[in-house]
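Thanks for sharing this one with me. Here are my notes, written so that you can follow them with the structure open beside you.

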Amino acid sequence: MADSEPPVNHVALPRKWRPRTFDTLVGQEAVARTLEHALESGRIAHAYLFTGPRGVGKTTTARLLAACLNCEKGPTATPCGECASCREIAQRGESLDTIELDAASNNSVEDARELIEILRYAPQRDRYRVLILDEVHMLSKAAFNALLKTIEEPPEHAVFILASTELHKIPATIVSRCQKFSFRRLTDAEVVERLRTVAEREGFTVTAGAAAQIARAADGSLRDALSLLEQSATLSSGVVDERRCAEIFAFVDRAMLEALFAAAASGDRPEILAIAGRAREEGVDPRHAAREFTSMLREILVASAGKAERDAGKAERDAGKAERDAGRGDGEKDDRAARLAALVPYDSLLRAVSLQLETERQLARAADPWIVWEMSLLKMAELPRLRALEESLAGRTPPAAPPPPAGDRPRFVSLVPAPPPEEAEAPPPEADPASDFVRRVMARRVTIGTYLTLATRISEKGGELVVEFPIDKASARDALQKPDPLKLLNEEAGNAFGRPLAVRLTTGPPVDGDLAAAAREVPPQVLARERATTRAQDDPMVQKAMALFRGEVVDIKEEKR
Ligand SMILES: [Zn+2]
């Protein structure tokens, strides 16, 4: 259990390893040299502007510069780290005379006036009053104007350090009065090297493959990379390898993303918030999940646009994500994409993709990324849903219907029934009560229906309707194992089969029968939950899958049921 095995780290790595000298600043040598030289020769400007991508050291450098300016032994390029000012800045990024503010949440003209007022007074203890203004492009026009005069004629003791990811949004009048420094995006190799150094000093191992994976996911941001390293290390026992990384942050439950899509497609706002809430609780990284969601939306769009483009898109996608997908499950994914495509008109899909792309950009700098993403999903739920759901349920084949599944594959209950080869126009008579059950559920609640389509088997057994999900889709089962969805399932089971049937939700082997692969894919949290349910423990296949993981799930907190 969680308390018997302490995690590897307790201090946030990005904070712990924040550089406190110019020598340890990763990847920004040009900036470091110029600032050092200026400090050594006593040429101190009143306004600095740091621009560049997120997570590459702008705020770190701003604090470092503040420490240099206000160190008891300064101004110096090598702050002592021991005086009151140095210690305060190291501990909380601020000190008696150094203020750090996020312009995004302090962007009004009143805020600007207040700051100007503070800057007018002489420092209380140190040499300068330093104002670090993060994401300065978020200031309102009036606030910029108010600030401009002070930046033009600053009090002798005032130093502005402005930081921004978006230079083009800052008025030229401000930019021209600042000493400008461009921070560059870090290369994967630089991030990898830093990760390995930090890991070594922290006393754990990160394999080269895992470090590369983290660097790629962090997309040039050292801060993100260190957070991801920390997450991975916390859940590992000393060794962070590729498999561990994949489990912890690369894996985003596809069923969760599909359910989000279905909820948005059907305008089910409470369900969107419920799914997002669960994902948040499970520690899903919203930025990564949003990226995966975009890529899924794109698959759905491609499926909707037609087969020619579909093949082209697949080739392109495969080139980019070859390692992750590695030829496994692509066919299944495409089939499902085609089915999901049938839920939403093409125009709305197109708008959903562009909305999502814009959201990804906002997520990059959002203080609470979950809220940003949730708002976007709620917006998505407002897009027109022109295609009548009944149309796709009535058995008519939508333009982008997938080919019928190969006969030897496990049967997936499909939302859009495959047409018989000869007479695509005539809807086949519904003889199978299990399929009827799924369609009925889908007609009442698309979200619940979508989860249900992930089941591999629906069979009647002794007065029960047993619905079996593959172990790697256990989260879909969990989502249905709640009073409301269960009630609906029981009702529709009765309607479809013509007599009362209690629905029992179970888990079984993965679709492709590859338990070892499933064990690698299933997040440890899910396995821990499976272990906590007696039903799953009775299932020999699940037991086997879990045995593959034994000893590694011990530090996962089990959910109370
Ligand atoms: Zn000092």
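Is Phe 183 buried or exposed? Phe 183 is buried, with a relative accessible area of 4%. Please keep in mind as you read on that this is a predicted model.

1. **The partner of Phe 183.** A search of the whole structure turns up five aromatic pairs. In one of them, the ring centres of Phe 50 and Phe 183 are 5.1 Å apart and the ring planes stand at 50°, so the pair is tilted. Phe 50 belongs to strand β1 (residues 47-51), while Phe 183 sits in the loop between β5 (179-182) and α8 (188-202), so this pair ties together parts that are 133 residues apart in sequence. Phe 50 is buried too, with a relative accessible area of 0%.

2. **The aromatic cluster.** Try selecting these rings together in your viewer: Tyr 48, Phe 50, Phe 181 and Phe 183 make up one aromatic cluster.

3. **A salt bridge from loop to helix.** The count of salt bridges comes to 24. One of them joins the side chains of Asp 23 and Arg 33, at 3.9 Å from N to O. Asp 23 is in the loop between α1 (13-16) and α2 (29-40), and Arg 33 is in helix α2, so the bridge ties together parts that are 10 residues apart in sequence. Asp 23 counts as exposed, at 65% relative accessibility, whereas Arg 33 is partly exposed, with a relative accessible area of 42%. The cut-off for a salt bridge is 4 Å, so a pair at 3.9 Å is counted.

4. **A salt bridge across distant parts.** Asp 368 and Arg 280 also meet through their side chains in a salt bridge, again with an N to O distance of 3.9 Å. This pair links distant parts of the chain, 88 residues apart: Asp 368 lies in the loop between α17 (346-363) and α18 (369-380), and Arg 280 in helix α13 (residues 269-281). Asp 368 is partly exposed, with a relative accessible area of 31%, and Arg 280 counts as partly exposed at 35% relative accessibility.

5. **A salt bridge with a buried partner.** Between the side chains of Lys 169 and Glu 166 there is a salt bridge of 2.8 Å, N to O. Glu 166 is buried, with a relative accessible area of 13%, but Lys 169 counts as partly exposed at 41% relative accessibility.

6. **A salt-bridge network.** Charged side chains can also join up in groups. Here Glu 88, Arg 92, Arg 125 and Asp 126 are linked in a network of salt bridges.

7. **A buried charge without a salt bridge.** Which side chain of opposite charge is nearest to Glu 230? The nearest is Lys 16, 8.5 Å away, and Glu 230 has no salt bridge although it is buried. You will find Glu 230 in helix α10 (residues 222-234). The side chain of Glu 230 does reach the backbone nitrogen of Leu 13, at 3.0 Å.

8. **Cysteines.** How many disulfides does the structure hold? The number is zero. Cys 71 counts as buried at 0% relative accessibility, and Cys 178 counts as buried at 11%.

9. **Helix α14.** This helix (residues 286-305) has 20 residues and spans 28 Å from its first C-alpha to its last, close to the 28 Å expected at 1.5 Å a residue. Helix α14 is mostly covered, with 17 of its 20 residues buried.

10. **Two backbone details.** Most peptide bonds are trans, and most residues other than glycine have a negative phi. With that in mind, look at the bond joining Gly 74 and Pro 75: this is a cis peptide bond, with omega about 0°. Pro 75 lies in the loop between α3 (58-70) and α4 (84-92). Then move to Glu 135, which has a positive phi of about 50° although it is not a glycine. Glu 135 is placed in the loop between β3 (129-134) and α6 (141-152), and counts as buried at 14% relative accessibility.

How values were computed: Residues numbered from 1 in each chain as written. Predicted model: local features only at pLDDT ≥ 70, side-chain atom pairs only at ≥ 80, totals over all residues. Heavy atoms only, no water. Helix = DSSP H or I, 4+ residues; strand = E, 2+ residues; numbered from the N terminus. Buried < 20%, exposed > 50% of the residue type's maximum accessible area, 1.4 Å probe, protein only. Lys, Arg positive; Asp, Glu negative; His and termini not counted. Polar contact = N/O pair within 3.5 Å; in protein donor to acceptor, adjacent residues only side chain to side chain. Disulfide = S-S within 2.5 Å. Expected span 1.5 Å × (residues − 1). Phe/Tyr/Trp six-rings, centres within 6.5 Å; stacked < 30°, edge-to-face > 60°.
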